[in-house]
Amino acid sequence: MLYTYMRPCDVILFKKKDISPDMKMISYIPKKKASNSGYKTAALPCTKEVLEIMQKYEAESVEGYILPIYSK
């Protein structure tokens with residue numbers, strides 16, 4: 001959401017596997033578009049602010065999710 005323009009549902013489902021190994025890009029399939037047969041992967045830069053938020057919640061995250069507000 002903030003700094004990324006991602007939808008709230010995509011931020012909640014955001015996982016560590018969605019970040020490139022060099023921590024510079026975020027790639028994900030937008031939930032709103034995932035049900036369409038011709039969906040595309042969205043990619044955006046991983047900003048300093050995003051990295052700070054990820055580090056803040058790293059200890060609390062479960063099941064690979066970045067934010068500690070969702071688990072299956």
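**A predicted model, starting from L44**

Q: Does L44 count as buried or exposed at its relative accessibility?
A: The model is a predicted one. L44 has 12% relative accessibility. The cut-off for burial is under 20%. L44 falls below that limit, so L44 counts as buried.

Q: In which strand is the place of L44?
A: L44 lies within residues 42-45. That stretch is strand β2.

Q: Which residues does L44 touch, not counting those up to four places away in sequence?
A: Sequence neighbours up to four places away are set aside here. Contact means heavy atoms within 4.5 Å. The residues that L44 touches are T4, M6, K24, M25, I26 and Y28.

Q: How many Å apart in space are L44 and M6, C-alpha to C-alpha?
A: M6 is among the residues that L44 touches. Along the sequence, L44 and M6 are 38 residues apart. In space, C-alpha to C-alpha, the gap is 9.5 Å.

Q: In what order do the elements of the protein run from the N terminus on?
A: The protein has three helices and two strands. Helices and strands alternate along the chain. From the N terminus on, the order is α-β-α-β-α.

Q: What share of the residues in the protein is buried?
A: The protein has 72 residues. L44 is one of the buried ones, at 12% relative accessibility. Buried residues make up 25%.

Q: What share of the exposed area do carbon and sulfur atoms supply?
A: The protein exposes about 5,300 Å². Of this area, carbon and sulfur atoms supply 57%.

Q: Which side chains meet in a salt bridge?
A: Side chains of opposite charge can pair when their charged atoms come close. The count here comes to one salt bridge. Its N to O distance is 3.4 Å, and the cut-off is 4 Å, so the pair qualifies. The partners are K17 and D18.

Q: Is D18 buried or exposed?
A: Its salt-bridge partner K17 is exposed, with a relative accessible area of 68%. D18 has a relative accessible area of 12%. Buried means under 20%, so D18 is buried.

Q: How many disulfides does the count come to?
A: A disulfide is a covalent bond between the sulfur atoms of two cysteines. C9 is partly exposed, at 30% relative accessibility. C46 is buried, with a relative accessible area of 10%. The count of disulfides comes to zero.

Q: Over the ring of which residue does the charged end of K15 sit?
A: The charged end of K15 is 4.5 Å from the centre of a ring. That ring belongs to Y65.

Methods
Residues are numbered from 1 along each chain as its sequence is written. This is a predicted model: local features need pLDDT of at least 70, side-chain atom pairs count only at pLDDT 80 or more; totals for chains, interfaces and linings use all residues. Side-chain values use heavy atoms; hydrogens and water are left out. Helices (H or I, at least four residues) and strands (E, at least two) are DSSP runs, numbered from the N terminus. Buried means under 20% relative accessible area, exposed over 50%, partly exposed in between (1.4 Å probe, protein chains only). A charge sits over a ring if NZ of Lys or CZ of Arg is within 6 Å of the ring centre and within 35 degrees of the ring normal. Accessible areas come from the Shrake-Rupley method with a 1.4 Å probe; for residues, only the protein chains shown count as cover. A disulfide is a pair of cysteine sulfur atoms within 2.5 Å.
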